[in-house]
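The following exercises introduce a protein structure through a series of short tasks. Each task is followed by a worked solution that proceeds step by step.

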Amino acid sequence: MNEKAMIRRCRSGDADAFNELIRRYYTYVIRYLMKLTGDQYLCEDLTQETFLKVIRNIDRYDLLSDAGFGTYIITIARNTYIDYYRKEKGGVIPFEDVEIFASDFEDKVVAKLEYEQVLELMEKLPETQREALRLKYIDQLTLREIEALTGVEQKTIKSRIFEGKKKLRKLIGKGK
């Protein structure tokens, strides 16, 4: 069953379609959350919460969107993780989770400022390029995983990453 037909069936309350949706995306969501949390039990809880949100909000997904349904689900998973962290840990996600390794405090501060600047500049990119860069470099997915999530061919993803990086370099150069 193709993705759009599956989503339409889910919207009409078809339990088999929901089971197919979960079967199709479960591995990607749990692997993504495992990368973020490093905790198997927490990862499983957040994955379950993610799919509950997907099921409750299936009508919010725009079938005409360029972004694939996998991207929609990963966005919900990320937001679920952020919500958990804010609620349980009482604040923002620690910068250490970004995995930038610096030798001393000053290097860490500079790295954090640069990271935040890049995130801000990424908002100026076209959605397709921003999504490709986020999935590749922030979510640390392989091209194959991105292809499976978005339904976009790997060569197109590579092109979007290349063009996005080129535009980011120009934007960064203007900021100096």
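At 29% relative accessibility, Arg 11 counts as partly exposed, a value that lies between the limits of 20% and 50%. The model is predicted, and the exercises below start from this residue.

**Exercise 1. A salt bridge at Arg 11**

Task: Determine which residue meets the side chain of Arg 11 in a salt bridge, and state where the two partners lie.

Solution.
Step 1. The partner is Asp 59, and the N to O distance is 3.8 Å. This falls within the 4 Å limit for a salt bridge.
Step 2. Arg 11 belongs to helix H1 (residues 3–11), whereas Asp 59 is in the loop between H3 and helix H4 (69–89), so the pair ties together parts that are 48 residues apart in sequence.
Step 3. Asp 59 has a relative accessible area of 55% and is therefore exposed, whereas Arg 11 is partly exposed.

**Exercise 2. Further salt bridges**

Task: State how many salt bridges the structure holds, and describe the pairs formed by Arg 9 and Arg 31.

Solution.
Step 1. The total is 9 salt bridges. As background, side chains of opposite charge can pair when their charged atoms come close.
Step 2. Arg 9 pairs with Asp 14, with 2.7 Å between the closest N and O atoms. Arg 9 is partly exposed at 31% relative accessible area, and Asp 14 is partly exposed at 21%.
Step 3. Arg 31 pairs with Glu 145, and here the closest N and O atoms are 2.5 Å apart. Arg 31 lies in helix H2 (residues 15–37) and Glu 145 in helix H7 (residues 143–150), so this salt bridge ties together parts that are 114 residues apart in sequence.
Step 4. Are these two partners buried or exposed, wholly or in part? Arg 31 is partly exposed, at 43% relative accessibility, while Glu 145 is buried, at 6%.
Step 5. Glu 20, Arg 23 and Arg 24 are joined into one network by salt bridges that share partners.

**Exercise 3. Two buried residues**

Task: Describe the surroundings of Leu 21 and of Thr 47.

Solution.
Step 1. Leu 21 is located in helix H2. Its relative accessible area is 0%, so Leu 21 is buried.
Step 2. With residues up to four places away in sequence set aside, Leu 21 touches Met 6, Cys 10, Phe 51, Val 54, Ile 58 and Phe 69. Leu 21 and Phe 69 are 48 residues apart along the chain, and their C-alpha atoms are separated by 9.9 Å.
Step 3. Thr 47 is located in helix H3 (residues 40–56). Thr 47 has 1% relative accessibility and is therefore buried.
Step 4. The side chain of Thr 47 reaches the backbone oxygen of Cys 43 at 2.8 Å. Beyond its neighbours within four places in sequence, Thr 47 is in contact with Tyr 26, Val 29, Ile 30 and Leu 33.

**Exercise 4. Helix H6 and the largest cavity**

Task: Identify the buried residues of helix H6, and examine the lining of the largest cavity.

Solution.
Step 1. Helix H6 spans residues 127–138, and its buried residues are Gln 129, Arg 130, Glu 131, Ala 132, Leu 133, Arg 134 and Leu 135. After H6 comes Gln 140, which has a positive phi near 60°.
Step 2. A search of the whole structure finds 1 cavity of 30 Å³ or more. The largest cavity has a volume of about 40 Å³.
Step 3. The lining of the largest cavity consists of Thr 128, Glu 131, Ala 132, Leu 135, Ile 146, Thr 150, Val 152, Ile 157 and Arg 160. Two or more of the lining residues come from each of H6, H7 and helix H8 (154–175).
Step 4. The greatest contribution to this lining is made by H6, with 4 residues. By class, the lining has 5 nonpolar, 2 polar and 2 charged residues.

**Exercise 5. The second largest pocket**

Task: Give the volume of the second largest pocket, and state which residues line it.

Solution.
Step 1. The volume of the second largest pocket is about 150 Å³.
Step 2. Its lining is formed by Leu 42, Asp 45, Leu 46, Glu 49, Lys 53, Thr 80, Asp 83, Tyr 84, Lys 87 and Glu 88. H3 and H4 each supply at least two of the lining residues.
Step 3. Sorted by class, the lining residues of this pocket are 3 nonpolar, 1 polar and 6 charged.

Technical notes:
Residues are numbered from 1 along each chain as its sequence is written. This is a predicted model: local features need pLDDT of at least 70, side-chain atom pairs count only at pLDDT 80 or more; totals for chains, interfaces and linings use all residues. Side-chain values use heavy atoms; hydrogens and water are left out. Buried means under 20% relative accessible area, exposed over 50%, partly exposed in between (1.4 Å probe, protein chains only). A polar contact is a pair of N or O atoms within 3.5 Å; within protein, one must be able to donate a hydrogen and the other to accept it, and residues adjacent in sequence count only if both atoms are side-chain atoms. Contact means heavy atoms within 4.5 Å. On a 1 Å grid over the protein atoms alone, a cavity is a set of points where a 1.4 Å probe fits but cannot get out, and a pocket is an open set with protein on both sides within 12 Å along at least five of seven lines; lining residues have an atom within 4 Å of a point. Grid points are joined across faces, edges and corners, and a volume is the space filled by probe spheres set on the points. Ala, Val, Leu, Ile, Met, Phe, Trp, Tyr, Cys and Pro count as nonpolar, Asp, Glu, Lys and Arg as charged, and the others, Gly among them, as polar.
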